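Me: I'd like to go through this one and ask what stands behind each label. Can you show it to me?

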Amino acid sequence: MVKLLRSISPTRAIMGRLFLWFWATFIVTSLLAIWGSRLFFEDLQVVQIKPREVEDLNQAIERMQRGRFQDLPLHEMLDRNSRGVRGRLVAVDIRDNRLISGGGPPLRDNDKEDLLRLVNQTSPIAVKRGAFKILGPVFFERDNSRFALFAVKLDMPEKQTPPVLLFLAIALITTTLLSWLFAKTLTNPILHIQGSAKRLASGDWQTRVGKAAKRQDELGQLARDFNKMAEQLESMWGAQKRLLADVSHELRSPLARLQMALGLAHQQNVDPATLSRVEREADRMEALVSQLLTLSRAEAGEANMQKHALSLVLNDVLTDANFEVANKNKQLKIDDIPKKTVVIDSMMFCRAVENVLRNAIRHSKLVTHIAFSEDAQYWCIHITDDGDGLTIEECERIFSPFYRATLARERESGGVGLGLSIAKAAVELHHGRIIAEPAERGGLRVTMSFPKL
């Protein structure tokens, strides 16, 4: 029975919850408005009557008893003299309790009952119900009938909020509060799913949606589908890493045998040009396998973190880079290296810097620049070349394995497209980040940021 009620409950769907919240807001607002109206504006109150108000009623009777008004119907006579009381004159026939009004809209039932209730008063009083004030009675005779004269005025409260403003305030506060609560129940899980999606996109394959997945509406289903997708992506990514590692290890043995066979072929005076070509391809395959193994190790999170002086760690990398640019008739500009101690895996850190730096030197026209900076959370290495640069779309893709740009950076470089992938994995191994962007004066600027510990 409970399961059946849950299955047909409108709260399981966002559409149903929207309708329920709308009607709940409307009903609560209406009830509060009615309650406020009755509490502040519907009670009958006896208030103090002012001498001026009694005098206005007596003067109205004196004017109605003048000769020029005697031939007019009573209701018209009341209408003409209503201006003197700054309200509306109403006469009640004492004989049959008949009400005669001086024009205007019909009286409310409550006002009629109040007038009839006051007919038997021997002296004038003032009562209020809501915004209407009734003054009287003052008695007069006409056509052998005795009448009680009253003045009905619109008298807004001086210290209380007018009805329209009160209703508006109640409706505004109530709908705002209930709508905010409802919006919060919708936006919190959406923001949670959004944050999980960002973490998953950044490479955190273990990201899952927690509380939102327990909901029984469309957002809960979305969260559960997200978790299934994240599990599949994590499984596929793990399978890819294992495949790279396994293939790399398996290729090591045939490569070793191939190089041994090349050595024997050299001893037997086989065609040197052919052997040289085979040897060159074997070396390239050896380099590829080595890079694949390095990438697998970096992505597996195997790090040997130790303290090192930054200048000493970068010394060998920068020495090799200076030698390379000298052979290519290019220049390497290096800013002062900060005198600081960093906690890094020296081998993976050097591999990251070396791969980015060699890529910049290869594609620069003349100058490659290395700069350093830091802020409250990160210390950074900036490597900028003056080459043809890349588009923003290519800057986002160059860190993918085996990707090569097809515009400024052609396949003529001879690389296999793993250098920047290894750099990215190595930087992320240190919980850092790496980005590429077009340089201000042309070329490409790669920034590696490492967290301060």
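Reply: Of the 453 residues of the protein chain, 38% count as buried. This is a predicted model, where local features need pLDDT of at least 70, side-chain atom pairs count only at pLDDT 80 or more, and totals for chains, interfaces and linings use all residues. Residues are numbered from 1 along each chain as its sequence is written, and side-chain values use heavy atoms, with hydrogens and water left out.

Me: What makes a residue in helix 3 such as E53 buried or exposed?

Reply: Buried means under 20% relative accessible area, exposed over 50%, and partly exposed in between (1.4 Å probe, protein chains only). E53 has a relative accessible area of 9%, so it is buried.

Me: And why is P51 called exposed?

Reply: Because its relative accessibility is 68%, and the exposed class starts over 50%. P51 is found in helix 3, residues 51-64, and sits with E62 on the face turned away from the buried side of that helix.

Me: How do you know that helix 3 has a buried side?

Reply: Its buried residues are E53, V54, D56, L57, A60, I61 and M64. They cover an arc of only 155° around the axis, which puts them on the same side of helix 3. The arc is that of the directions from the helix axis to the C-beta atoms.

Me: What is a helix here, by the way?

Reply: A DSSP run of H or I with at least four residues; strands are E runs of at least two, and both are numbered from the N terminus. The protein chain comes to 13 helices and 13 strands.

Me: What does E53 touch, apart from its sequence neighbours?

Reply: Not counting residues up to four places away in sequence, E53 touches K133, L135 and K153; contact means heavy atoms within 4.5 Å.

Me: What makes the E53 and K133 side-chain pair a polar contact?

Reply: The two side chains come to 3.1 Å. A polar contact is a pair of N or O atoms within 3.5 Å; within protein, one must be able to donate a hydrogen and the other to accept it, and residues adjacent in sequence count only if both atoms are side-chain atoms.

Me: Why do the buried residues of helix 6 line one face?

Reply: D111, D114, L115 and L118 are the buried ones. Seen down the axis of helix 6, they fall within an arc of 100°, so they line one face of the helix. Strand 1 (44-47) and strand 5 (132-142) are among the elements that cover them.

Me: Where does helix 10 bend?

Reply: At D316, by about 35°. The bend at a residue is the angle between axes fitted to the seven residues ending there and the seven starting there. Helix 10 (residues 310-327) reaches 26 Å from its first C-alpha to its last, close to the 26 Å expected at 1.5 Å a residue. That expected span is 1.5 Å times one less than the number of residues.

Me: What is notable about the phi of N329?

Reply: Phi of N329 is near 55°, a positive value in a residue other than glycine. N329 lies in the loop between helix 10 and strand 8, and counts as exposed at 68% relative accessibility.

Me: Why is D143 called exposed?

Reply: D143 counts as exposed because its relative accessibility is 64%. D143 also has a positive phi of about 55° although it is not a glycine, and is found in the loop between strand 5 and strand 6.
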